[in-house]
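Grab your viewer and try these exercises. Each one sets a task and then walks through a solution.

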Amino acid sequence: MAVPPEAAEQAAESHESAASAPKPHLKRDHVVIRFAGDSGDGMQLTGMQFTSESALAGNDIATLPDYPAEIRAPQGTLAGVSGFQLNFSSNEVFTPGDEPNVLVAMNPAALRTNVEDLQPNAVIIVDREAFNESNIKRAGYASNPLTDHSLDKFQVIEVDVSKLTSLAVHGLGLNNRAAFRCRNMFVLGMLSWLFQRPIDSTIVSLKNRFKKAPELIEANIRVLTAGYNYGETTEMFASSYEVPAARIAPGLYRNITGNSATALGFVAAAVKAGRPLFLGSYPITPASDILHDLSGYKNFPVYTFQAEDEIAGVCSAIGAAFGGAIAITTTSGPGMDLKAEAVGLAMKVELPIVITDVQRAGPSTGMPTKPEQADLLQSMYGRHGEAPVPIIAASTPADCFDCAYEAVRIAVKYMTPVILLTDGQLANGAEPWLLPDPEQLAPIKVEFATNPEGFLPYARDAETLSRPWAVPGTKGLEHRIGGLSGENLTGNVSHSPANNELMVRTRARKIAGIVREIPPTEVFGDAGGGDLVVLGWGSSFGPIREAVKHVRAKGKKVSHVHLRYLNPLPRDLGETLKRFKQVMVAEMNMGQLLKLIRAEYLIDAFGFNKIQGRPFKVSEMENRINRVLEG
Amino acid sequence: MATVLNRKDFVSDQEVRWCPGCGDYAILAAVQKTMPEFGIAPENTVFISGIGCSSRFPYYMNTYGFHTIHGRAPAIATGLKISRPDLDVWVVTGDGDGLSIGGNHLIHTLRRNVDIKILLFNNRIYGLTKGQYSPTSEVGKITKSTPAGSVDFPFNPITVALGTHGTFVARSIDIEQKHLGEMLKRAHAHRGTSFIEILQNCSIFNEGAFNDVTDKALKADHQLVLEHGKPLIFGKNRDMGIRMNGMRPEAVRLSATVTEKDLVVHDETNLSLAFMLGHFEPPLPTPVGVFYAVSQPTYDGAVNQQLADAKAKQGAGDLKELLSKGDTWTVN
């Protein structure tokens, strides 16, 4: 439910009322806020801090930053607008929300880039002083949108944020620039009051953030408090809103982004395996935060090697895996292209590494900060020769932890590279994460070969077909591995035709056998079948699940199946899908999982595709489902 | 008491398959003969190679070995050495593998000073792909891919390595077993990236490329053996030397008026001198030996030190504590 039209009416009514009387709280079950401003305006920080406040208030939340590819585009321009969206609710939420109920626009450019996404009657909070002639012109407006009635269908609240901020820091000796940079805290304070969020946690966080600049602690806290008090006393807000706590599973929570969860999943896996973690990586958007996070966990121990290029990133991981480390590399699409040959080597010599692809919108450089799911077929087939690799895809930010952990578990158990697919949406999006108990995590067993008697580097475990992990330093196990076709058991160079086929088929059987690890397919909805099943993978989980919930609430026989394991596919997937009259595969690409499903099961599935660097909206998913049902 | 190792401890059971007359045989022999002197057990030694004739090398060593992909051996070796500093890690590469497709990894490994030993076999030709010109082939080289003569200027492996400020840069020759053995020992004793360019004869596609420094009749007049602290003297009769003429080196004959005192004295720690010697081309003699050797912290050493420091400061990582870092809240 949206922040209602009453806001404006009551604002008008309250004009006459005494400011001293306590204002009423109005209850809402969920609110979507988008913070937008220049990329230097601190909107990401504001958003994240408001998210923390909301999480502490017990709401279920989902967030998504939307930042430009340019680090600091010229001030006031459309290209420089940075946004952060938060959906907080007293119910379970699956997405950052389709359309904001509240937009904070710090300048005209921020307004212009975001206004089209708003619901009618949405609340727009603007910094009035930022709507000056030059900013208005720079944003491409012919006239001032605050006065030309183009915003009449919205409730516009104009606040002199800049002026009130500089008044709040008066006397602290801050220069204009430093004072201006505190504006975001005024907005945060004001919204904290509007939605009845305590600001204590933000104060603690500001103290940590500016530890080295005490004058900024004081300034930011003053501005934050001034914003909060302004909300309380100003006549512009007739009431505040309350989004009561959600009913979520009990336990200890923290808010987590997909990239942070991925990093933690790898650390957890290495700790459970009792081996050091080694990351070889080259900086690339939107994957770099995994490198940043892991570089702070040295004492576990975690090695991070910022390589000279993407190829060296994966190759160094292969070297570390040869030496017995839990070895990983992280990248995005362009880096996947470059790593392909090395992944083929790891597959052939059978060394365990995990390649994380934080997918972004392609092709080529594409839209680096925007999400897409178009690297699935590349992950499946993007290597020369017969080079199958297991693929795991995370569906929510917190799920990245479990998937990273699982990727390592599979890699070392089957002595194979594993590709972990996440995307820019998951990487930067955040949600509350119920902290796992390390004791309860699935065991990851690493047993290096030690016995020289009858040792053969390519002898295989009868069940998994996995070869021994024999690391340098082990006496009597000296052996050579390499990319050339290798003889069965010894691995010695061999060009025997029959041996080559045997090895290709053996490795393929090993990967196919991983199906034994995959739990039965979960159907959200009607396990026995129905009119339609929406099949998805990756970050489209949220919009699919929420849309399916909505149509099911209206009595439609629609279900949702979401895949974590993309290679191999779950054993029962074909029969599960065949129980439904129609199968729709929803993905942010031109139909990649769709092709696999049709080829694998001869099902006449069809696709719902979006390639805009933006996730599906719940509403568009719901509309599409309804159209399909109508035939 | 340490076990005494001998040559056969380092010889694998695989049949060596280079062409008859290939310089690689001599290099393999020198390595297998020298390794026992290091006193490092075969299981603690790893040979990593890329692609090319030289890169078959690990198959013939009874150590741990990894024949990887074209040009990437230094990157794989770096990952191994960082996470397993206890191992003795060697890279075998060639002029195509190391300087063309893998040039990036080579220079970055050298600049970081990762403690690995790189042997670059330079035969100035692509052998495994059957005779195309390489990044060290001379201008005008007629090959299968350059019937009208190559028009690109070659790399000089020594000055490339010096350009990265590599901390150990040397040159030797495949059939000079004694000298090569000495260089291997020096390279092994060095902490940091050791780089040896080994001039290597390709008997099939570039026979005699280094004749002037390998032919018994010619070599004394064309080889300049570098020795730290000694004047630069060469020639059959040890009567030629290198003197500075202003800023330019010149070869001079020793006489009553030109004595050893006039000659340049080699200093392995002088990078400018190393560059100058690295640029020697006929008619100046070809220097062999250690151009440059200085002691600097190794990359893998520094990385492992940071890990040790973090552990000393923060204690061993605690997973439960890590997972619950930051703002947490409890839902009842």
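## Exercise 1: the sheet

Work out the strand order of the open sheet of 9 strands.

Step 1. Going across, the order reads E17(A)-E2(B)-E1(B)-E3(B)-E4(B)-E6(B)-E5(B)-E11(B)-E7(B), and the pairing is mixed. Strands here are DSSP E runs of at least two residues, helices are H or I runs of at least four, and both are numbered from the N terminus. Two strands pair if DSSP finds at least two bridges between them.

Step 2. Now the edges: strand E17 (480-482) of chain A and strand E7 (223-225) of chain B each pair on one side only.

Step 3. From one strand to the next, the twist averages 20 degrees (axes are lines fitted to C-alpha atoms, with angles from 0 to 180 degrees between N-to-C directions).

Step 4. Zoom in on chain B, where strand E3 (residues 88-94) and strand E4 (residues 117-122) run parallel and are joined by 5 bridges. Val91(B) has Ile118(B) in E4(B) as its bridge partner.

Before going on, a note on conventions: this is a predicted model, where local features need pLDDT of at least 70, side-chain atom pairs count only at pLDDT 80 or more, and totals for chains, interfaces and linings use all residues. Residues are numbered from 1 along each chain as written, chains are lettered from A and ligands numbered from 1 in the order written, and side-chain values use heavy atoms, leaving out hydrogens and water.

## Exercise 2: a domain contact

Describe how domain 1 of chain A meets domain 3 of chain A.

Step 1. The domain assignment (automatic or from a database) splits chain A into domain 1 (15-242), domain 2 (254-440) and domain 3 (530-629).

Step 2. The C-alpha centres of domains 1 and 3 of chain A are 36 Å apart. Their contact (heavy atoms within 4.5 Å) takes 7 residues from domain 1 and 10 from domain 3.

Step 3. Together they bury about 750 Å², 50% of it on carbon and sulfur atoms; that's accessible area (1.4 Å probe) lost on being put together, summed over both parts. On the domain 1 side, Phe94(A), Thr95(A) and Asp98(A) supply 69% of the buried area, more than any other three residues.

Step 4. The interface has 2 salt bridges (a Lys or Arg side-chain nitrogen within 4 Å of an Asp or Glu carboxyl oxygen).

## Exercise 3: a long-range link

Which parts does the salt bridge of Asp399(A) and Arg564(A) tie together?

Step 1. The closest N and O atoms of Asp399(A) and Arg564(A) are 2.5 Å apart.

Step 2. Asp399(A) sits in helix H15 (residues 399-414) of chain A and Arg564(A) in the loop between strands E19 (558-563) and E20 (565-567) of chain A, so the pair ties together parts 165 residues apart in sequence.

Terms used: Buried area = accessible area lost by both parts, 1.4 Å probe.
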